[in-house]
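Please open the structure in your viewer and keep the selection tool at hand. The tour proceeds stop by stop, stating what to select and what is found there.

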Amino acid sequence: MVQLYGFDIGGTKIEFAVFNQKMEILHVQRMETPKNDYALFLKVITDFIGNQDLKSGELGTIGIGLPGQQIHGGITRCNNIPCIDGRYLQADLEEIVGRPVKIANDANCFALSESFEKSLITSSSVLALILGTGFGAGLVINGDLYEGHNGASLEVGHMRLPCDAQELLGNTVSLVKCRCGQTGCLDHYLSGRGFADLYNHRYSSSDDHVISAEEITRRYYQGDHKAQIHINEYLELLAMSISGLLVVLDPEVVVFGGGLSNFNAIYDKLPELLKKYTLNNRPIPSIRKAAFGDSGGVRGAALLNVTDDGLAAILDS
Ligand SMILES: [Zn+2]
């Protein structure tokens, strides 16, 4: 059966991976992203594809995840990779490789990958939340990605702080101006960076004392008082911030990915905290950690082309 090619394209590197229909990984390759040269960008992508076609003797399907959107009408929007922003990337690639190319937001690819974890494949709805460099999300409903009209759904990082946040964090918390033009976007508070910024804003008197998210969680487990106060506040902020999503979407499962998702206190404490902010007597969704870690993006990109035969192969594997 035909191989599935996946690209996870970021601002610094491109990861290319080849999967069989059981979603077993056959080959992985990485290269620096040409950010400012569109012709070179197209060449890098189509060289990966052409070389793999030659190696396998067949034309694989092509799925691409990137930190942007495929806008209705065909234009790609991607601030992190200037050379593809405003281009007809999908059409240009399809013309060169002579077959369909699917492009989706990288958080959506992550969500798709997690929803195809064997125990979740039959779930009615999987909401994936990323607590990483940014705060992102993707939604899969009955096995299909929900992308919105412009591929721009679930941009949760640009939802803004809930009204209870000021009371929780105190008046000294800074309302950060976001690159989107708004103030108080959740990206600046719930991402790994935001998590560390909140701590350092409160407890570090100078840049010399700024500590990382990793160090804060390490201190938490050592019983450090400040780290414990901070993390309890962060989890409360996370609960109040995502409760609106749960009230609106009522997902069966919520999966957390990104660096902070490895922090087990989320799974111990969040379900109870969420009860305060969601509708009375409604069950809290199952909350779990991402199964595929860093390979989720490229796997989800490849899954943009999964077929019913492929789905059966995954279930049989
Ligand atoms: Zn914003």
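**First stop: a strand residue**

Select Phe16, which is found in strand β2. Helices (DSSP runs of H or I, at least four residues) and strands (DSSP runs of E, at least two) are numbered from the N terminus. Phe16 counts as buried because its relative accessibility is 0%; buried means under 20% relative accessible area, exposed over 50%, and partly exposed in between, with a 1.4 Å probe and protein chains only. Now add His149 to the selection: the C-alpha atoms of Phe16 and His149 are separated by 27 Å, and the two residues are 133 residues apart along the chain.

Before moving on, note that this is a predicted model, in which local features need pLDDT of at least 70 and side-chain atom pairs count only at pLDDT 80 or more, whereas totals for chains, interfaces and linings use all residues. Residues are numbered from 1 along each chain as its sequence is written, and side-chain values use heavy atoms, with hydrogens and water left out.

**Second stop: the zinc ion**

Select the zinc ion next. Which residues coordinate the zinc ion? They are His158 through ND1, and Cys178, Cys180 and Cys185 through SG, at 2.0 to 2.3 Å. Donors are N, O and S atoms within 2.8 Å of the metal (3.2 Å for Na, K and Ca); water is not among the atoms, so sites may look incomplete.

The arrangement is tetrahedral because the four donor atoms subtend angles of 104 to 123° around the zinc ion. Four donors count as tetrahedral if all angles lie between 85 and 135 degrees. Along the chain, the donors follow the spacing H-x19-C-x1-C-x4-C. His158 and Cys185 link distant parts of the chain, 27 residues apart: His158 lies in the loop between β10 (144–145) and α4 (165–169), and Cys185 in the loop between α4 and α5 (187–190). His158 is partly exposed, with a relative accessible area of 26%, whereas Cys185 is buried at 0%.

**Third stop: the largest pocket**

Select Pro67, Asp106, Ile130, Thr133 and Gly134, which are the closest to the centre of the largest pocket among the 47 residues that line it. About 1500 Å³ of space lies in this pocket. On a 1 Å grid over the protein atoms alone, a pocket is an open set of points with protein on both sides within 12 Å along at least five of seven lines, where a 1.4 Å probe fits; lining residues have an atom within 4 Å of a point. Grid points are joined across faces, edges and corners, and a volume is the space filled by probe spheres set on the points.

Colour β1 (4–9), β2 (13–19), α3 (106–115), β9 (135–141) and α10 (296–303), since each supplies at least two residues of the lining of the largest pocket. What are the numbers of nonpolar, polar and charged residues in the lining of the largest pocket? There are twelve nonpolar, 23 polar and twelve charged residues. Here Ala, Val, Leu, Ile, Met, Phe, Trp, Tyr, Cys and Pro count as nonpolar, Asp, Glu, Lys and Arg as charged, and the others, Gly among them, as polar. Domain 1 (4–111 + 295–316) and domain 2 (123–290) each give at least three residues to this lining; the domain bounds come from an automatic or database domain assignment.

**Fourth stop: the second largest pocket**

Select Leu112, Gly143, Asp144, Leu303 and Val306, which lie nearest the centre of the second largest pocket, itself lined by 24 residues. Two or more lining residues come from each of β7 (101–105), α3, β10 and α11 (308–316). The volume of the second largest pocket is about 390 Å³, and its lining divides into 13 nonpolar, seven polar and four charged residues.

**Last stop: loop residues**

Select Asn142 in the loop between β9 and β10. Its phi is near 45°, a positive value in a residue other than glycine, and Asn142 counts as exposed at 58% relative accessibility. Asp250, in the loop between α8 (225–249) and β11 (253–257), has a positive phi of about 50° although it is not a glycine.

Finally, select Lys35, found in the loop between β3 (25–32) and α1 (38–56). Lys35 and Ile81 are 4.9 Å apart in space, C-alpha to C-alpha, and 46 residues apart in sequence.

Terms used. Tetrahedral: all angles 85-135°; square planar, octahedral: opposite > 155°, others 65-115°.
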